Amino acid sequence: QVQLVESGGGLVQAGGSLRLSCAASGRTFSPYRMGWFRQAPGKEREFVTAISWSGGITYYADSVKGRFTISRDKAKNTVYLQMNSLKLEDTAVYSCAVQRAYNLDFDYWGQGTQVTVSS
């Protein structure tokens, strides 16, 4: 069983930055990938970014490329999302998730943290 706890959300002005963290519990934690997803009001949840746990290969949605950076600290079982140049349309609940193996979906989810970008 994996438990994920996110932190770092909040209110920020457009053009500003926020850093989200997601800490995973579990004695042996070695997933295939960890990722961030977001869901804005009235919209479907969408993929934002992911990172392979072993090799650190990163994947980004086109909408956040060049502005968001995902990283991980294997010693702390923690993944981070650095968000720069935030836009109004980045407002959403951000959730981290675990993909345990390449042939599985992301199937462990955190509770989510609200990110609100104001003008």
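Buried means under 20% relative accessible area, exposed means over 50%, and partly exposed covers what lies in between. Keep these cut-offs at hand during the tour. The model on screen is a predicted one.

**Stop 1: two tyrosines**

Select tyrosine 32. With a relative accessible area of 35%, tyrosine 32 is partly exposed, because that value lies between the 20% and 50% limits. Now add tyrosine 102, which counts as exposed at 65% relative accessibility.

A search of the whole structure finds 5 aromatic pairs. In one of them, the ring centres of tyrosine 32 and tyrosine 102 are 6.4 Å apart and the planes stand at 70 degrees, so this pair is edge-to-face. Tyrosine 32 belongs to the loop between E3 and E4, and tyrosine 102 to the loop between E9 and strand E10 (106-109), so the pair ties together parts 70 residues apart in sequence.

**Stop 2: two phenylalanines and their cluster**

Next select phenylalanine 37 and phenylalanine 47. Their ring centres lie 5.6 Å apart with the planes at 75 degrees, so this pair too is edge-to-face. Phenylalanine 37 is in strand E4 and phenylalanine 47 in strand E5, so the pair ties together parts that are 10 residues apart in sequence. Which of these residues is buried and which is partly exposed? Phenylalanine 37 is buried, at a relative accessible area of 11%, whereas phenylalanine 47 is partly exposed, at 30%.

Extend the selection to Phe106 and Trp109. Together with Phe37 and Phe47, they form one aromatic cluster.

**Stop 3: the disulfide**

Show cysteine 22 and cysteine 96 as sticks. These two residues form a disulfide, with their sulfur atoms 1.9 Å apart. The count for the structure comes to 1 disulfide. The link between cysteine 22 and cysteine 96 is right-handed, with 50 degrees about the S-S bond. What does the pair tie together? Cysteine 22 lies in strand E3 and cysteine 96 in strand E9, so the bond ties together parts 74 residues apart in sequence.

Cysteine 22 has 0% relative accessibility and counts as buried. Cysteine 96 is buried as well, with a relative accessible area of 0%.

**Stop 4: the nonpolar core**

Which residues touch the most other members of the largest nonpolar core? Select Leu4, Met34, Trp36, Phe68, Met83 and Tyr94, which have that place among the 29 residues of the core. Then colour the elements that give two or more residues to this core: strand E3 (18-24), strand E4 (33-39), strand E5 (46-52), strand E7 (68-73), strand E8 (78-83), strand E9 (92-99) and strand E11 (113-118).

Centre the view on methionine 83. Leaving aside residues up to four places away in sequence, methionine 83 touches Gly16, Ser17, Leu18, Leu20, Arg67, Phe68, Tyr94 and Val115.

**Stop 5: the E7-E8 hairpin**

Show the backbone of E7 and E8. These strands run antiparallel and are joined by 6 bridges. To see one bridge pair, select threonine 69 and its partner in E8, glutamine 82. E7 and E8 form a hairpin with 4 residues between them.

Within the turn, pick asparagine 77, which is in the loop between E7 and E8. Asparagine 77 has a positive phi of about 50 degrees although it is not a glycine. Is asparagine 77 buried or exposed? At 14% relative accessibility, asparagine 77 counts as buried.

Move on to serine 85, in the loop between E8 and E9. Serine 85 is not a glycine either, yet has a positive phi of about 50 degrees. Serine 85 is partly exposed, with a relative accessible area of 41%.

**Stop 6: arginines over rings**

Select arginine 19 and tyrosine 80. Arginine 19 lies over the face of tyrosine 80, at 4.0 Å from the ring centre. Then select arginine 33 and tyrosine 59, where the arginine lies over the face of the tyrosine at 4.7 Å from the ring centre.

**Stop 7: isoleucine 57**

Finish at isoleucine 57, in the loop between E5 and strand E6 (58-60). Not counting residues up to four places away in sequence, isoleucine 57 touches Ala50, Ile51 and Ser52. Add serine 71 and draw a line between the C-alpha atoms: isoleucine 57 and serine 71 are 9.5 Å apart in space and 14 residues apart in sequence.

Note on methods:
Residues are numbered from 1 along each chain as its sequence is written. This is a predicted model: local features need pLDDT of at least 70, side-chain atom pairs count only at pLDDT 80 or more; totals for chains, interfaces and linings use all residues. Side-chain values use heavy atoms; hydrogens and water are left out. A nonpolar core is a set of buried Ala, Val, Leu, Ile, Met, Phe, Trp, Tyr and Cys residues joined through side-chain atoms within 4.5 Å. Buried means under 20% relative accessible area, exposed over 50%, partly exposed in between (1.4 Å probe, protein chains only). Contact means heavy atoms within 4.5 Å. A disulfide is a pair of cysteine sulfur atoms within 2.5 Å. Rings of Phe, Tyr and Trp (its six-membered ring) pair if their centres lie within 6.5 Å; planes under 30 degrees apart count as stacked, over 60 as edge-to-face and the rest as tilted. A charge sits over a ring if NZ of Lys or CZ of Arg is within 6 Å of the ring centre and within 35 degrees of the ring normal. Two strands pair if DSSP finds at least two bridges between them.
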